[in-house]
Amino acid sequence: MTDKKTKKIDLSRRSFIGHTMVASGVLALGGGLLGASINLANAAENSYDYIICGAGSAGCVLANRLTENGASVLLIEAGGPDNSEKISTPMRLIELWGTVYDWGYSTVPQEHAHGRSLYWPRGKVLGGSSSLNGMIYVRGNASDYNQWASEFGCTGWDYDSILPYFKKSEDFSGGENHYHGVGGLLHVTSEFTPHPVTKAIIEAAQQAGLAYNHDTNGASQEGVAFTDLNTRNGKRDSTAVAFLRPALERQNLALITNARVHKVEIEKGRATGVTYMQEGKKQTVSAKKEVIVCGGAIESPRILMLSGIGPKQELEKLGIAVKVNLPGVGKNLHDHTLCPVIYEGAKEIPPPTDMSIQILHGHCFVKSKESLPGPDMQPLFFHVPYYAPEQEKPTMNAYSLCAAGVRPTSRGSITLRSSDPEDEMNIDPQVLQTKNDVDILVQSIKQMREINSQPALDEWRGREIYPGPSVQTDEQLAEYARSAVLSYHHQNGSCKMGIDAMSVVDPQLRVKGIKGLRVADASIFPYVMAGNTNAPVIMVAEKAADMIKAG
């Protein structure tokens, strides 16, 4: 393996967290960072071929792929190890919110949502949000990617071009076919025993006229289905587990945890390295080839703006030296919307007993009108109540059919409050800014009521808790939507890809006006896909790795 001296250490000790690591043994990510052999002898290293900012859904993939052929890579993560059973145990995911593993963002009060601030949990840990999310594997609709190519000038991002990258990552439990791969690093579980209430909701949706779809990641997305999950052997299969763990066996990968990137160093129009803060000390490391920013839709625009890349007037007001005027940095922010429709159980709803799956087992993809190229609604089915924070919680013996809009037209922004990297930002998605987005939720709520009225749910159906029987007109439902709208936790678009004046990266993910700098994460989506965003981010990273290797 190596002739460098190694020692046995307990990686759960906080005294260790934050060191630079090069693995000379298997690092047991996801199952607990305990007793692994880690080489700490590379502290003097100050230059790498590639520096990746963020060990999240994209960063872990890139760390794996870019080290395959011997390139030296430094991966910098603001959070710490994923050594908690709350992370590895699927049913415990809600316990992660508001902990050390969560950035715990909040939006500014939302003008079109009764002045409410929305809570945005995001992973601050190895694996990023893939260590915090619901483990739902959804690719989006083919029309989403075709739109990227045709309407946004993103050549090479049409569905036929990106499908091989989805398949490359995938180890699909249902077997290989035209749409699915096997033998990839990321396991996709399509078979499990759903909760009886979820099973009844799926049956009720069919009684309400929705077709059952055995594979919403296959030939067609529309219909009602049980979810595909990123789990393996009953544990969460995050990108830290699937991609980073095997990569850390390579001597050419270095990992730094609890280190916050402050800025990208830029000289003569080229990214030359990164400055980060770790244990109260600033450190600067050099990149021989490229810096890749993978901070996600919230942190990536922050890093760019603190580096002098962004809207000129905004940066100058904060005393940040402008390296390149890119007005689109932090703009185009958007998110899917979710709205709870909750029913009390007519009898006691069995508690979840299988810790190897989470509380979300069913969903459906529906068009609000037939003329659309793809679904714009993706309701979720829970066998527990999914209350909004402001709502009273009269009972926990309840189940939820959550209305959802997944092709939003509202757009917001992220702006800096100061040049201090630790300062909070103004996060303003302008949720429900457009009539379209409100109308979609109203229509989706009506559909959830229709599904709930079907015979399959007779034995479970009690009173409607929310919106409640008195809320009937479209105007009343719209007001309810504004009072209860939730984030779907699919923030994106803040460093969008494209060829127009407001795009930040080109179709090769290169930051405009700066050489040797790319962004690869959900921030580059010009328009969010109809579906959960983790699988598409992994696809973006797979494609980015090939583009980076090609030079």
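## Close-ups of a predicted model

**Figure 1. Strand S20 meets strand S24.** Strand S20 (residues 337-339) lines up with S24 in the antiparallel sense, and three bridges link the pair. Want one bridge to look for? Start at Cys-339 and you'll find its bridge partner in S24, Ala-403. Keep in mind that this is a predicted model, here and in every view that follows.

**Figure 2. S24 has other partners too.** Strand S21 (residues 342-345) also pairs with S24, again antiparallel and over three bridges. In this pairing, Tyr-343 sits opposite Tyr-399 of S24. Then there's strand S23 (residues 380-382), which runs antiparallel to S24 and is joined to it by three bridges. Here Phe-382 is the residue facing Ser-400 in S24.

**Figure 3. The two sides of S24.** Which residues point which way from S24? Ala-398, Ser-400, Cys-402 and Ala-404 go one way, while Tyr-399, Leu-401, Ala-403 and Gly-405 go the other. That fits a handy rule: in a regular strand, side chains alternate between the two faces of the sheet. Is S24 mostly covered or mostly open? Mostly covered: eight of the eight residues in this strand (398-405) are buried.

**Figure 4. Inside the largest nonpolar core.** This core has 166 residues, and the ones touching the most other members are Leu-62, Trp-157, Ile-309, Leu-509 and Leu-517. Helix H11 (residues 534-550) is the top contributor, giving ten residues to the core. A second, separate core has just five residues, including Ile-87, Leu-96, Tyr-101 and Leu-132.

**Figure 5. Leu-509 and its contacts.** Leaving out residues up to four places away in sequence, Leu-509 touches quite a list, including Trp-157, Met-497, Leu-517 and Arg-518. Also among its contacts are Val-519, Ala-520, Ile-524, Val-540, Ala-544 and Met-547.

**Figure 6. Helices H3 and H4 cross.** H3 (residues 142-152) packs against H4 (residues 159-169) at an angle of about 120°, and their axes are 9 Å apart. Because of that angle, H3 counts as oblique to H4. Where they meet, Ala-142, Tyr-145 and Asn-146 from H3 contact Tyr-159, Ile-162 and Phe-166 from H4.

**Figure 7. Two annotated stretches.** An unreviewed UniProt entry carries the annotation "domain: Glucose-methanol-choline oxidoreductase N-terminal" for residues 123-146 and 296-310. Residues 123-146 are 21% helix and 0% strand, with the end C-alpha atoms 29 Å apart. Residues 296-310 are 73% helix and 13% strand, and there the end C-alpha atoms are 16 Å apart.

How values were computed: Residues are numbered from 1 along each chain as its sequence is written. This is a predicted model: local features need pLDDT of at least 70, side-chain atom pairs count only at pLDDT 80 or more; totals for chains, interfaces and linings use all residues. Side-chain values use heavy atoms; hydrogens and water are left out. UniProt positions are given in the numbering used here, feature names are shortened, and annotations may be inferred rather than shown by experiment. Helices (H or I, at least four residues) and strands (E, at least two) are DSSP runs, numbered from the N terminus. Buried means under 20% relative accessible area, exposed over 50%, partly exposed in between (1.4 Å probe, protein chains only). Two strands pair if DSSP finds at least two bridges between them. A nonpolar core is a set of buried Ala, Val, Leu, Ile, Met, Phe, Trp, Tyr and Cys residues joined through side-chain atoms within 4.5 Å. Contact means heavy atoms within 4.5 Å. Axes are lines fitted to C-alpha atoms, for helices over the stretch in contact, and angles run from 0 to 180 degrees between N-to-C directions. Angles under 35 degrees count as roughly parallel, over 145 as roughly antiparallel, 65 to 115 as roughly perpendicular and the rest as oblique.
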